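Student: I should like to learn how helix packing is read from a set of coordinates. Could we work through an example together?

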Amino acid sequence: MDWEQWWEWIKEHRGKILGVGLGLLFGWFAIVYGFWKAVFVALCVAVGYFLGKKVDERTDWRRLWERFFRSR
């Protein structure tokens, strides 16, 4: 298999590869640090991803703040 075929295979299966990598990472964290600490780290990563995505999209932070913390 040459590099071009290898790269095409990786692009075709990138979701599976990413899922396996994240599963291995979470499993390692759970073994080394404990389940709840691993869940906390995963939650922090998810929040960081969400905020980073909003920065990339150049989101209006005031509207986002008001959407989550509006008075009821």
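Tutor: The following exchange concerns the helices of this predicted model.

Student: Which residues does the UniProt annotation "transmembrane region" cover?

Tutor: The annotation, which comes from an unreviewed UniProt entry, covers residues 20-52. In the model, the chain over residues 20-52 is 97% helix and 0% strand. The C-alpha atoms at the ends of that stretch are 23 Å apart.

Student: How is the length of a helix checked, and what span should helix 2 have?

Tutor: The expected span rests on a rise of 1.5 Å a residue, so the 20 residues of helix 2 should span 28 Å. The end C-alpha atoms of helix 2 are 28 Å apart, which agrees. For helix 3, with 22 residues, the expectation is 32 Å, and its end C-alpha atoms are 31 Å apart, again in agreement.

Student: What follows helix 2, and what follows helix 3?

Tutor: Gly 34 follows helix 2 and has a positive phi, near 105 degrees. Helix 3 is followed by Arg 58, where phi is also positive, near 55 degrees.

Student: At roughly what angle do the axes of helix 2 and helix 3 cross?

Tutor: Helix 2 spans residues 14-33 and helix 3 residues 35-56; their axes cross at roughly 135 degrees and come within 7 Å. Helix 2 is therefore oblique to helix 3. The crossing of these two helices is right-handed.

Student: Which residues of helix 2 and helix 3 meet?

Tutor: As a general idea, an α-helix has 3.6 residues a turn, so residues three or four places apart point the same way. From helix 2, the contact involves Phe 26, Phe 29, Ala 30 and Tyr 33. Their partners in helix 3 are Phe 35, Lys 37, Ala 38, Val 39, Val 41 and Ala 42. By class, this contact holds nine nonpolar residues, no polar ones and one charged.

Student: How do helix 3 and helix 4 cross, and which of their residues meet?

Tutor: The axes of helix 3 and helix 4 (residues 61-68) come within 11 Å and cross at roughly 140 degrees. These two helices are therefore oblique to each other. Phe 50, Leu 51, Lys 54 and Val 55 of helix 3 meet Trp 61, Leu 64 and Phe 68 of helix 4. The contact comprises six nonpolar residues, no polar residues and one charged residue.

Definitions and conventions: Residues are numbered from 1 along each chain as its sequence is written. This is a predicted model: local features need pLDDT of at least 70, side-chain atom pairs count only at pLDDT 80 or more; totals for chains, interfaces and linings use all residues. Side-chain values use heavy atoms; hydrogens and water are left out. UniProt positions are given in the numbering used here, feature names are shortened, and annotations may be inferred rather than shown by experiment. Helices (H or I, at least four residues) and strands (E, at least two) are DSSP runs, numbered from the N terminus. Axes are lines fitted to C-alpha atoms, for helices over the stretch in contact, and angles run from 0 to 180 degrees between N-to-C directions. Angles under 35 degrees count as roughly parallel, over 145 as roughly antiparallel, 65 to 115 as roughly perpendicular and the rest as oblique. A crossing is left-handed if the near helix is turned anticlockwise from the far one by less than a right angle, and right-handed if clockwise. Contact means heavy atoms within 4.5 Å. Ala, Val, Leu, Ile, Met, Phe, Trp, Tyr, Cys and Pro count as nonpolar, Asp, Glu, Lys and Arg as charged, and the others, Gly among them, as polar. The expected span of a helix is 1.5 Å times one less than its number of residues.
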